[in-house]
Amino acid sequence: MSATPPPAPKETTRFPCAQCGADYRFAPNEGKLICDHCGHEEATEQGDRQTAIAELDFKAALAKQLPAAEMVEARTTSCPNCAAHVVFEGDIHATECPFCATPVVVDTGTHRLIKPRAVLPFQIAEKIAHQAMNDWLGKLWFAPNGLQEYAKKGRKMDGVYVPYWTYDADTKSSYMGERGTIYYVTETVMVDGKREQRQVQKIRWSPASGRVKRWFDDILVLGSKALPKKYTDNLQPWDLSALEPYTPEFLAGFQAEGYSIELEQGYDEARDHMDRVIRRDVAFDIGGDRQRIHNISTSVSDVTFKHILLPVWMAAYKYRGTSYRFVVNGQTGRVQGERPYSKWKIAFAVLLAAIAAGVIGYIIAQNQ
């Protein structure tokens with residue numbers, strides 16, 4: 001029986017060193033390309049910030065009328081385990097999913113994708129991200145001690161550029177509702193056979209209607225299905241003012257996932273966000289002490305979007321037969337992830353609480 005072949009190496013974006021031919025990597029601390037073999041450094045290409053990060057027309061994209069320069073033909077496949085959209089470059093036909101290490105093989109044919117418009121370069125190095133993750137684990141209540149010790153062994157973290165959409169839109173909303181004003185009346189009530197007077201709160205409602213408008217800028221929507229949304233949402237905030245025009249040099253030594261949430265699907269989530277904000281604006285506009293909103297009619301215009309890449313450090317640890325994933329914001333170091341609970345620690349805490357309650361109860365009883 002032939003030996004099982006080793007898993008394919010994880011694919012990363014590669015740029016050959018101009019001096020020795022080895023691979024450059026983008027160094028977050030220096031903001032430049034560095035060759036690990038000979039130390040040669042190369043500045044990253046700087047695009048025109050005004051034009052390169054311009055918004056694209058949403059309706060034109062839905063009608064498949066974007067300029068050819070905004071599109072790219074790519075070989076992609078969906079990971080069978082976590083649904084990440086893995087992009088293949090060059091002559092690579094097999095690799096590992098950057099999110100769950102599942103071996104994946106490219107399917108036949110190519111897919112037409114919208115190019116990234118901008119990238120937020122990694123700001124923190126892997127060592128700092130690893131320390132941030134260990135610090136986060138150390139603060140978790142009821143986490144097994146063994147997990148932190150396991151994580152401290154220094155397993156490599158993967159730097160991945162995760163796809164996001166941003167949406168801009170102009171909205172105008174008309175509404176109908178009611179404004180509530182609180183007032184008090186004195187009422188006489190019977191308490192234990194005696195008459196008592198009390199101040200009773202009442203609300204006087206009056207009709208309210210009006211219009212509100214709001215410009216939404218850079219509503220951020222995750223374009224990936226590979227990670228639980230609760231983790232990626234909690235990695236915010238991102239400082240999008242630090243976005244750079246997309247050039248592949250920023251990806252040197254890192255991996256990048258293709259988007260699996262389509263543009264129109266992402267807009268549905270962005271629209272839900274708009275509706276929540278508009279409802280809050282309407283309540284503020286109605287004023288008063290209480291508000292009732294009966295109807296909101298919103299017109300949305302000038303919808304534009306960008307496809308951007310944001311930096312995430314990732315690690316997965318298998319502890320006592322169960323895998324736990326951790327993600328670190330590659331700009332700020334904010335950590336989110338899955339966590340186990342120690343049954344022994346929880347049981348001990350419950351026991352201590354019971355003992356403390358018993359002692360307090362005994363002291364109170366003795367003082368009565």
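This is a guided tour of selected residues in the structure above, with a note on what to select at each stop.

The model is a predicted one, in which local features need pLDDT of at least 70, side-chain atom pairs count only at pLDDT 80 or more, and totals for chains, interfaces and linings use all residues. Residues are numbered from 1 along each chain as its sequence is written, and side-chain values use heavy atoms, with hydrogens and water left out.

**Stop one: Lys 306 and its partners**

Begin by selecting Lys 306, which sits in strand 15 (residues 290-319); strands here are DSSP runs of E with at least two residues, helices are runs of H or I with at least four, and both are numbered from the N terminus. Lys 306 is buried, at 2% relative accessibility, where buried means under 20% relative accessible area, exposed means over 50%, and partly exposed lies in between, using a 1.4 Å probe and protein chains only.

Next, add Glu 55 to the selection, and look for the salt bridge that joins Glu 55 to Lys 306, with the closest N and O atoms 2.9 Å apart. A salt bridge is counted when a side-chain nitrogen of Lys or Arg lies within 4 Å of a carboxyl oxygen of Asp or Glu. Because Glu 55 belongs to the loop between helix 1 (49-52) and strand 4 (56-57) while Lys 306 belongs to strand 15, this pair ties together parts that are 251 residues apart in sequence. Glu 55 itself is partly exposed, with a relative accessible area of 26%.

Now select Asp 218 as well, since Asp 218 also forms a salt bridge with Lys 306, and here the closest N and O atoms are 2.7 Å apart. Asp 218 lies in strand 12 (residues 194-222) and Lys 306 in strand 15, so this pair links parts that are 88 residues apart in sequence. Asp 218 is partly exposed, its relative accessible area being 22%.

**Stop two: helix 5 and the loop after it**

Move on to Lys 229 and Asp 233, whose side chains meet in a salt bridge at 2.8 Å, N to O. Both residues are in helix 5 (residues 229-233), where, being four residues apart, they are separated by about one helical turn. Lys 229 is partly exposed, with a relative accessible area of 33%, and Asp 233 is likewise partly exposed, at 32% relative accessibility. Looking back to the first stop, salt bridges that share partners join Glu 55, Asp 218 and Lys 306 into one network. By the rule given above, the count comes to ten salt bridges.

From helix 5, continue to Pro 237, which is found in the loop between helix 5 and strand 13 (244-245). The peptide bond from Gln 236 to Pro 237 is cis, with omega near 10°.

**Stop three: two residues with positive phi**

Most residues other than glycine have a negative phi, and most peptide bonds are trans. With that in mind, select Lys 64, whose phi is near 55°, in the loop between helix 2 (58-62) and strand 5 (71-78). Lys 64 is exposed, at 76% relative accessibility.

Then return to strand 15 and select Asp 302, which has a positive phi of about 55° although it is not a glycine. Asp 302 is exposed, with a relative accessible area of 57%.

**Last stop: Glu 249**

Finish with Glu 249, in the loop between strand 13 and strand 14 (255-258), where Glu 249 is buried with a relative accessible area of 15%. Add Arg 25 to the selection: the C-alpha atoms of Glu 249 and Arg 25 are separated by 8.4 Å, although the two residues are 224 residues apart along the chain.
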